[in-house]
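Here are a few exercises to work through with the model open beside you. Try each task before you read its solution.

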Amino acid sequence: GGRQLMAKEQFERHKQPWNGEEAGKLKLLAGKGQGLKQIAKALNRSEESTKTFAKQNKIKIAKKR
């Protein structure tokens, strides 16, 4: 697989950086089995941003439909 992430990563970066409090909240909500939509909403983040951050920090988000 090629790395097509570059543009997206740069695009994400100019948004507000994540802080420890948000990271902790993300971990907590993900641990409770919340879906991406709920977590993104709770953190006031885009789902894309939430997903990217979780991936970078190896936080598992339950896949909910």
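**Exercise 1. Place threonine 50 in the predicted model and decide whether it is buried or exposed.**

Solution. Start with the element: threonine 50 belongs to helix α4, which covers residues 47-56. Next, take its relative accessibility, which is 0%. Buried means under 20%, so threonine 50 counts as buried. Now look at what surrounds it. Setting aside neighbours within four places in sequence, threonine 50 is in contact with Trp18, Leu26, Leu36, Ile39, Ala40, Arg45 and Ile61. Finally, check the rest of the helix: the buried residues in α4 include Ser49, Thr52, Phe53 and Ala54 as well as Thr50.

**Exercise 2. Find the aromatic pair and say which parts of the chain it links.**

Solution. The count comes to one aromatic pair. Its partners are tryptophan 18 and phenylalanine 53, with 4.2 Å centre to centre and 5° between the planes. Planes under 30 degrees apart count as stacked, so that's the label for this pair. Then trace each ring back to its element: tryptophan 18 sits in the loop between α1 (6-13) and α2 (20-31), while phenylalanine 53 is in α4. The two are 35 residues apart, so the pair links distant parts of the chain. Both tryptophan 18 and phenylalanine 53 are buried. One last thing to spot here: arginine 45 lies over the face of tryptophan 18, 4.5 Å from the ring centre.

**Exercise 3. Describe how α2 and α3 pack, and work out which way they run relative to each other.**

Solution. Two packed helices are described by the angle between their axes and the distance between the axes. For α2 and helix α3 (residues 36-43), the angle is about 150° and the axes are 10 Å apart. Angles over 145 degrees count as roughly antiparallel, so α2 is roughly antiparallel to α3. The crossing of α2 and α3 is right-handed. To finish, pick out the residues that make the contact: Glu22, Lys25, Leu26, Leu29 and Ala30 come from α2, and Ile39, Ala42 and Leu43 from α3.

**Exercise 4. Look at the phi angles of asparagine 44 and lysine 58, and say where each residue lies.**

Solution. First, the background: most residues other than glycine have a negative phi. Asparagine 44 isn't a glycine, yet its phi is positive, about 60°. You'll find asparagine 44 in the loop between α3 and α4. With a relative accessible area of 74%, asparagine 44 is exposed. Now for lysine 58, another non-glycine with a positive phi, about 55°. Lysine 58 lies in the segment after α4, and its relative accessible area of 74% makes it exposed.

**Exercise 5. Compare lysine 60 and lysine 64: how accessible is lysine 60, and how accessible is lysine 64?**

Solution. Lysine 60 lies in the segment after α4, and so does lysine 64. Lysine 60 has a relative accessible area of 75%, so it is exposed. Lysine 64, at 44%, counts as partly exposed. Then turn to their surroundings. Lysine 60 and leucine 36 are 24 residues apart in sequence and 10.0 Å apart in space, C-alpha to C-alpha. For lysine 64 and lysine 37, 27 residues apart along the chain, the C-alpha atoms are separated by 8.5 Å. Leaving out residues up to four places away in sequence, lysine 64 touches Gly33, Gln34, Gly35 and Gln38.

How values were computed: Residues are numbered from 1 along each chain as its sequence is written. This is a predicted model: local features need pLDDT of at least 70, side-chain atom pairs count only at pLDDT 80 or more; totals for chains, interfaces and linings use all residues. Side-chain values use heavy atoms; hydrogens and water are left out. Rings of Phe, Tyr and Trp (its six-membered ring) pair if their centres lie within 6.5 Å; planes under 30 degrees apart count as stacked, over 60 as edge-to-face and the rest as tilted. Helices (H or I, at least four residues) and strands (E, at least two) are DSSP runs, numbered from the N terminus. Buried means under 20% relative accessible area, exposed over 50%, partly exposed in between (1.4 Å probe, protein chains only). A charge sits over a ring if NZ of Lys or CZ of Arg is within 6 Å of the ring centre and within 35 degrees of the ring normal. Axes are lines fitted to C-alpha atoms, for helices over the stretch in contact, and angles run from 0 to 180 degrees between N-to-C directions. Angles under 35 degrees count as roughly parallel, over 145 as roughly antiparallel, 65 to 115 as roughly perpendicular and the rest as oblique. A crossing is left-handed if the near helix is turned anticlockwise from the far one by less than a right angle, and right-handed if clockwise. Contact means heavy atoms within 4.5 Å.
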